[in-house]
Amino acid sequence: MVWLIRTLIGFAVFVVAVVFAATWLPAWLNRVQVPVDYDDLQGLEGGKGLWLEPPPYRAGDVLAYRLGPGPDDVGFGVVVALPGDSVRLSEDRLLVNGEAVRPWSPYQPLRGLAELGPLTVPAGHWFVVSTRHQRDSLAHGPIGAERVLGKVRE
Amino acid sequence: MNGPFVSWSSGQRLLLGVALLIAGAVMLVAAAGIAWRAVQRWLAVGELRAAHAQLHRGRLDEARRLAAAAAERLPREPSAQLLALDPADPQAGERLRALASACERANDRHAVLATLGLLQALAGRAVDAPLEGTGDARLLAAIRAAHGERMASWRLVAGEDPPQRQVLLAAHTVLLRQALRLRSRDDVRLHAGALLLLDPGHPRAALLRPLLLALSPAAADEELVRAVAEAREESEALARTIAALVPERRAALTARWPGLAEQTP
């Protein structure tokens with residue numbers, strides 16, 4: 001009988017381990033490859049693999065997100081505004097809740113426009129910026145949760 | 001090793017064997033069910049991503065077709081159901097009510113109710129979706145008021161739930177139309193700018209930049225004319241709109257599109 005109990009306990013431990021692994025491992029083994037020719041965000045090397053973490057996402061986190069179905073349609077940006085924050089572009093500077101975002105490089109396609117916004121960042125969306133603005137929220141709008149792959153692990 | 005079983009009769013051993021076989025079969029069926037659901041979810045996530053990509057390219061029908069396929073795989077997933085929804089469907093309201101009551105998470109329920117409220121507001125009906133005290137309720141009230149002769153507005157209150165993207169997009173679009181109709185420059189600047197920040201990749205977003213350039217005192221007439229000309233087949237209609245809104249730009253636009261002189265009031 002002891003043998004039977006020992007076997008059942010071993011089986012129960014095995015089941016718990018499998019359920020735990022199935023629940024947590026996908027989140028902890030989430031990885032993304034930076035496209036080889038990537039140069040949109042300063043400090044990120046093209047071709048490098050990065051580990052990703054699940055939410056919550058806060059200001060200052062670097063998010064990885066999908067911009068299309070292709071393997072290279074991935075973007076990276078620093079979160080500057082959270083859902084409910086107010087974003088405004090004024091005199092080539094980005095203001096979040098009235099405070100200027102730093103560091104900041106002007107966005108050429110919108111140069112010459114004195115004032116843009118304010119826009120309230122919608123629920124389940126994050127406003128992200130990158131150095132060259134080719135794949136960030138200025139070019140693609142606030143990034144929705146359905147597109148976010150995770151935040152880059154430091 | 002086989003100690004406990006030595007004293008068992010063959011009938012008892014057979015019973016234990018059958019019991020373990022049944023337990024194994026049940027677990028196998030459960031594992032197959034979980035695996036099947038995981039595959040369905042994986043396929044649906046791929047279809048939803050493709051649907052969003054099509055949506056951002058302005059291909060609404062293709063986006064809706066992909067979302068409908070995802071919704072069939074995940075009937076209780078609100079994001080797939082919402083994207084697949086056809087606003088022209090007379091049953092859309094009832095389907096949204098049923099979906100809202102089936103939602104397990106409060107955020108999902110709120111998103112579904114906001115979409116229901118949006119359908120009602122755009123149809124000019126009273127909004128009966130329970131959204132009191134949220135940013136969405138204020139936006140929907142502004143959409144309903146946007147048909148009048150006074151410029152509708154709203155103010156989001158700190159601490160309130162942020163509005164849903166589809167409600168925000170609709171509110172800025174409807175209010176931009178009203179601002180253009182009423183020739184309210186400040187409101188045109190506000191709503192066109194917000195739309196350009198919210199959905200810069202939308203095909204019609206290219207029309208917003210010339211509108212905002214016209215309202216920027218620092219922008220030269222030549223730059224404005226160049227930007228309007230980039231709108232190609234829509235450039236003349238855009239020039240007419242700008243000439244009506246900003247009369248001081250009319251001379252520069254008329255020099256490029258002479259037909260405006262007779263058409264613009």
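This report describes the contact between chains A and B, a sheet in chain A and a helix in chain B, in a predicted model.

## Contact between the chains

In the predicted model, 31 residues of chain A are in contact with 31 residues of chain B. On the side of chain A that touches chain B, helix 1 (2–28), strand 5 (86–90), strand 8 (115–120) and helix 2 (137–140) of chain A each supply at least two residues. Strand 8 of chain A gives the most to this side, with 6 residues. By residue type, the side of chain A that touches chain B comprises 18 nonpolar, 9 polar and 4 charged residues.

## A sheet in chain A

Chain A has an open sheet of 4 strands in the order 7-6-5-8, with antiparallel pairing. Strand 7 (99–100) and strand 8 of chain A are at the edges and have a single partner strand each, so one side of each lacks a neighbour in the sheet.

Strand 5 and strand 6 (residues 93–96) of chain A form an antiparallel pair over 4 bridges. Ser90(A) has Arg93(A), in strand 6 of chain A, as its bridge partner.

## Helix 6 of chain B

Helix 6 of chain B covers residues 106–122; at 1.5 Å a residue its 17 residues should span 24 Å, and the end C-alpha atoms are indeed 24 Å apart. Its buried residues include His110(B), Leu113(B), Leu116(B), Gly117(B) and Ala121(B). Among the elements that cover the buried residues of helix 6 are helix 4 (78–84), helix 5 (92–102), helix 7 (135–145) and helix 8 (165–182) of chain B.

Just after helix 6 of chain B, Gly124(B) adopts a positive phi of about 80°.

Technical notes. Residues are numbered from 1 along each chain as its sequence is written. Chains are lettered from A and ligands numbered from 1 in the order in which they are written. This is a predicted model: local features need pLDDT of at least 70, side-chain atom pairs count only at pLDDT 80 or more; totals for chains, interfaces and linings use all residues. The expected span of a helix is 1.5 Å times one less than its number of residues. A residue is buried if 20 or more other C-beta atoms lie within 10 Å of its own, exposed if 12 or fewer, and partly exposed in between; C-beta atoms are placed from the backbone. Two residues are in contact if their C-beta atoms, placed from the backbone, lie within 7 Å. Ala, Val, Leu, Ile, Met, Phe, Trp, Tyr, Cys and Pro count as nonpolar, Asp, Glu, Lys and Arg as charged, and the others, Gly among them, as polar. Two strands pair if DSSP finds at least two bridges between them.
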